[in-house]
Amino acid sequence: MHTLLITGPGGAGRTTVAAATALAAARHGQRVLLLSGDIGDPLTALVGDPAAPGLRVARVDSGEEFREELVALQHRGSALLGMVGARPLGAEEITELPGAEQFALLRALRRAVAAPDTDLVVVDMPPLHQSVATLALPAQLRRYLARLLPAERQAARALRPVLAQLAGVPMPAQWLYETAARWDEELAAVQAVVEADTTELRLVAEPGPAAADALRLGRLGLALQQLPVSAVVANRMLPQDSTDTWLAGLAAQQEKYAAEWGAELPVVPLAHLGRDPRGPQDLERLAAVDALVPQAPAPRRAWAVEDRLAQDGVLVWVVPLPGAHKSDLDLVRRGDELLLTAGPHRRIVPLPGALRRCTVSGAALAEGELRVRFTPDPGLWPRAQ
């Protein structure tokens with residue numbers, strides 16, 4: 001199963017590009033599922049009903065997902081709620097809270113990847129800055145659960161049934177740990193999809209200075225989460241042969257920024273239709289661009305640890321951060337973890353085993369790579385025989 005996540009700065013036309021990409025792949029014989037969480041279901045007007053052969057469309061209903069999850073949570077904790085005198089909420093009085101969209105989209109993504117008779121899942125993601133946070137969410141929450149509710153604290157669980165009989169209700173700790181374990185299992189399944197070699201990211205932007213700034217910061221956040229970008233769709237490209245001076249200037253600006261992006265990533269240009277795409281006929285014109293059809297993604301590369309002990313007495317952890325500026329970066333060693341900051345993005349990553357026995361001795365940014373130097377700690381490093 002191939003998964004293609006499509007995002008970009010707000011207003012760049014990512015929903016249209018996601019639909020065109022799905023249609024292009026379906027026209028090439030793939031069985032495609034197009035998934036979107038956009039409110040208002042704009043895909044139906046674009047794709048048509050029914051959709052083209054080989055293409056299925058699914059929309060995430062975050063409100064319904066939130067109601068079902070909260071009702072189920074109340075049911076599992078009914079004894080505990082009764083003990084404290086709480087009155088459960090009915091499904092009809094539950095409205096979704098901020099953040100429910102991200103969780104609903106991630107759960108829908110996990111289900112979509114497991115769907116039968118599907119070769120490609122195309123996901124119309126939220127705007128770029130929200131997508132970075134959404135895709136980082138499973139790993140972040142699993143880390144929080146492991147810290148706040150560590151598994152080793154359950155060592156005394158054999159006593160809980162006895163205590164529950166004495167108290168007459170299930171012990172809160174047992175319920176809490178069981179709920180945390182279920183959440184961790186679900187989050188692990190979503191994280192596996194996001195980090196799979198068969199999952200790739202594609203960015204959509206209308207070339208220009210604002211889009212260039214947004215893409216730089218967005219790529220920085222994705223790189224920090226080790227989520228590589230496979231291509232950029234340069235959307236709404238104007239014709240280069242216009243006799244109108246104003247249009248010719250805009251077209252030249254677009255070409256300039258598209259060329260800059262092309263120096264680092266494959267760029268797929270999509271022509272401006274002269275209006276907003278309105279339906280299946282317009283979508284067919286965009287889907288005629290064969291370069292939209294995704295190929296098999298390249299395997300992801302882990303952050304490499306270079307052994308320079310013989311030459312310089314250090315190990316170097318190489319962290320690719322394309323587009324990073326020195327002023328964007330900060331790093332702090334804390335125990336066996338490294339807290340990395342890149343622009344507005346932050347990630348706490350566990351150190352590889354060999355680096356845990358070292359101290360951080362410096363870092364440098366060069367050619368889009370942060371190179372963190374580690375010096376072996378004599379008290380922890382194995383001594384040569």
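These are my notebook entries on a predicted model, covering its make-up, some helix packing and a few residues.

**Ground rules.** The model is predicted, so I kept in mind that local features need pLDDT of at least 70 and side-chain atom pairs count only at pLDDT 80 or more, while totals for chains, interfaces and linings use all residues. Residues are numbered from 1 along each chain as its sequence is written, and side-chain values use heavy atoms, with hydrogens and water left out.

**The whole chain.** I started with the protein chain, which has twelve helices and 14 strands. Those are DSSP runs numbered from the N terminus (helices: H or I, at least four residues; strands: E, at least two). Of its 385 residues, 41% are buried. Buried means under 20% relative accessible area, exposed over 50%, and partly exposed in between (1.4 Å probe, protein chains only). I then looked at contacts, meaning heavy atoms within 4.5 Å. Among those between residues at least 6 apart in sequence, 70% join residues at least 24 apart.

**Helix 6 and its neighbours.** How do helix 5 and helix 6 cross? The axes of helix 5 (residues 100-113) and helix 6 (residues 128-148) come within 10 Å, at roughly 85°. Axes here are lines fitted to C-alpha atoms, for helices over the stretch in contact, and angles run from 0 to 180 degrees between N-to-C directions. Helix 5 and helix 6 are therefore roughly perpendicular. The angle classes are: under 35 degrees roughly parallel, over 145 roughly antiparallel, 65 to 115 roughly perpendicular, and the rest oblique. I found Gln 102, Phe 103 and Leu 106 of helix 5 meeting Thr 134, Leu 137, Pro 138 and Leu 141 of helix 6. By class that contact has five nonpolar, two polar and no charged residues. For the classes, Ala, Val, Leu, Ile, Met, Phe, Trp, Tyr, Cys and Pro count as nonpolar, Asp, Glu, Lys and Arg as charged, and the others, Gly among them, as polar.

Next I checked helix 9 (residues 209-224), whose axis comes within 9 Å of that of helix 6 and crosses at roughly 5°. That makes helix 6 roughly parallel to helix 9. Leu 128, Val 132 and Leu 135 of helix 6 touch residues of helix 9 including Ala 214, Gly 218 and Leu 222. I noted six nonpolar, two polar and no charged residues in this contact.

**Two residues in helix 6.** Is Ser 131 buried or exposed? Ser 131 sits in helix 6 and is buried, at 1% relative accessibility. Beyond four places away in sequence, Ser 131 touches Thr 7, Met 125 and Pro 126. Arg 142 is also found in helix 6, but is partly exposed at 27%. With the same sequence cut, Arg 142 touches Asp 184, Leu 187, Ala 188 and Gln 191.

**The tryptophans.** I looked for aromatic pairs and got one. Rings of Phe, Tyr and Trp (its six-membered ring) pair if their centres lie within 6.5 Å; planes under 30 degrees apart count as stacked, over 60 as edge-to-face and the rest as tilted. The ring centres of Trp 303 and Trp 317 are 5.6 Å apart and their planes at 70°, so this pair is edge-to-face. Trp 303 is in the loop between helix 11 (280-287) and strand 8 (305-308), and Trp 317 is in strand 9 (residues 314-320). Both are buried, Trp 303 with a relative accessible area of 11%. The C-alpha atoms of Trp 303 and Pro 352 are 9.7 Å apart, with their positions 49 residues apart along the chain.
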